[in-house]
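I opened my notebook to look up two things: empty space inside the protein and the metal site. Come along and read over my shoulder.

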Amino acid sequence: MTQATTLKEQATTTDETPEQTDGFHLVIDALKLNGLTTIYGVPGIPITDFGRMAQAAGIRVLSFRHEQNAGYAAAIAGFLTKKPGICLTVSAPGFLNGLTALAHATTNCYPMIQISGSSEREVVDLQQGDYEEMDQLAIAKPLCKAAFRVLHAADIGIGLARAIRAAVSGRPGGVYLDLPAKLFAQVMDAEAGRKSLVKVIDAAPAQLPAPAAVKRALEVLKSAKRPLIILGKGAAYAQADDAIKTLVEKSGIPFLPMSMAKGLLPDTHPQCAGAARSTVLKDSDTVMLIGARLNWLLSHGKGKSWGEAPKKFVQIDIEPREMDSNVEIAAPLVGDIGSCVAALIEGMGGNWPAPPAEWTSAVKTKREDNIAKMAPRLMNNNSPMDYHGALGALRTVIKERPDAILVNEGANTLDLARGVIDMHKPRKRLDVGTWGVMGVGMGQAIAAAVETGKPVLAIEGDSAFGFCGMEVETICRYQLPVCVVVFNNNGIYRGTDVNPAGGGDPATTVFVAGSRYDKMMEAFGGVGVQADTPDALKRAVDAAMDSGKPTLINAVIDPAAGSESGRIGNLNPQSALKKKK
Ligand SMILES: Cc1ncc(C[n+]2csc(CCOP(=O)(O)OP(=O)(O)O)c2C)c(N)n1
Ligand SMILES: [Mg+2]
């Protein structure tokens, strides 16, 4: 090398400004480094360019029509993948629209990160009336598992790492990450930027149960005369499917799946007590909860539905404070579900005694009786359809297509579908979760299609669908294999109520009679079908699932068929005073 060229090279390096990066790119690089390659959101100031750049950088960015639906998509993506689902929102109103979903994710223990742009701190904190002014961090904090704000570009890597860890470790939940507008534009040295990024190692470390706790749990189980296992959606989330199956089968104990744990073991499994729910809750003497909480969905573990006889509970949960939340837990087993279940299997050894045959055969008889009672109702071909006729047809669809993902919301539409439609594989049933929230359907359907690539069947009450129906445009835009069936009974619970005042306004629970929701899908280029009989419904769903084309089927349900609040009418407050007419 000559002296001249060396000098020339030196000159070029010193003349050139060092390579630079900015907040936009650091957020993108940090997401990619951690394998977070899908974003659900709505564009606008200050994150419009961020969305574009993320798309350019190979991240899949799905734009929704409303942040709440993007948030529900991110939340269920977290449930399906065990990685935090990412929801991207604009400041103030967009942030608030997404926040319901973040709170829902936290309540349901789904890992999710809501990344929101926010306005300028200096102006917001002095309350000087900035564009979309709001102290978002303070508002998000009580509604999620953790909340962070990043002010310096050099802290983006560590900020995202903290958010990921908080979302997925221990009991998963929603995390808020506040990124003020200025942060995106901040520039820094590219090499220093690269070094500032953090790849999160072992984001959800295994948490092993104490050996003494395992021993205690096995002793309680062994002394049971009428044992029951309840599988919650935490068990489905854990993705410890084989271990859970082994535990259930080795123990011979009847199991009851909660709604989103259906299919963890097939509902048709000989030990499944789904169709004998009230019997097993009442008559069991020992109950092992696996990733299920004793909240309202299990009547808090006490009261009429749990019968008179004393019960002993064994509970597996990663959150120690879950123990004794409602009743005494005789054997708390704190740890991640995979580790706890593996430890139990090991502790059971080779000759674990089967539960008394008297108990298992009583459960079997009850289950078979109930299934036989329901069977003829599922086969009717009435028009207009009742819930059972329509659901009987859809039950066959899922039986024939066990890999399809079922999304389900509504009141009667939810409660009856849960009972009627058998699930055959884990994490194929997605629904309203712990809050019984309406409007999750389209977000969940979109995320399910995006994250799994499987066809989706969304069974929606007409009211439930109304909360998120505009996202059919999103489904059409991204050409997702989603078939939406709207159970159209002209209203909430029923379409038959009349205004008690006799005035011109309709009753509070009824909608426009005979609406054609199928036309909404047609408006965006999807397939719309009107179905009046279970046979026509089955044909239309099969065609949709075969073609993979976005489809909406308006399933005409008898407006008088439903009951108030579906299966939970008892939760409506009743005044001691007589009803005034
Ligand atoms: C966000 C939200 N708002 C309101 C409710 C109250 N709610 C419970 S079920 C329901 C709708 C039930 O009607 P539909 O979806 O048509 O089902 P159907 O019983 O008619 O089959 C409503 C509004 C809720 N659960 N969540
Ligand atoms: Mg309805």
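**Cavities first**

I began with the largest cavity, which holds about 40 Å³ of space. I kept in mind that this is a predicted model.

I then asked how many cavities of 30 Å³ or more the structure holds. The count is two.

Next I looked up which residues line the largest cavity. They are Val27, Ala30, Ile156, Leu160, Leu177 and Leu179. Helix H2 (23–33), helix H8 (156–168) and strand E7 (174–180) each give two or more residues to this lining. I sorted the lining by class and found six nonpolar, no polar and no charged residues.

**The second cavity**

The second largest cavity has about 30 Å³ of space. I wrote down its lining as Pro455, Pro481, Val482, Cys483, Ala544, Met545 and Gly548. Strand E17 (482–488) and helix H23 (534–547) each supply at least two of these residues. By class I noted six nonpolar, one polar and no charged.

**The magnesium ion**

Which residues are the protein donors of the magnesium ion (ligand 2)? I found Asp462 (OD), Asn489 (OD1) and Gly491 (O), lying 2.0 to 2.1 Å from the ion. Along the sequence, their spacing reads D-x26-N-x1-G. Asp462 sits in helix H20 (residues 462–466), while Gly491 is in the loop between strand E17 (482–488) and helix H22 (518–523), so this pair ties together parts that are 29 residues apart in sequence.

My last check: are Asp462 and Gly491 buried or exposed? Both Asp462 and Gly491 are buried.

Notes
Residues numbered from 1 in each chain as written. Chains lettered and ligands numbered in written order. Predicted model: local features only at pLDDT ≥ 70, side-chain atom pairs only at ≥ 80, totals over all residues. Heavy atoms only, no water. Donors = N, O, S within 2.8 Å, 3.2 Å for Na, K, Ca; no water. Helix = DSSP H or I, 4+ residues; strand = E, 2+ residues; numbered from the N terminus. Buried < 20%, exposed > 50% of the residue type's maximum accessible area, 1.4 Å probe, protein only. 1 Å grid on protein atoms, 1.4 Å probe; cavity = no way out; pocket = protein on both sides within 12 Å on 5 of 7 lines; lining within 4 Å. Points joined across faces, edges and corners; volume = space filled by probe spheres on them. Nonpolar A, V, L, I, M, F, W, Y, C, P; charged D, E, K, R; others polar.
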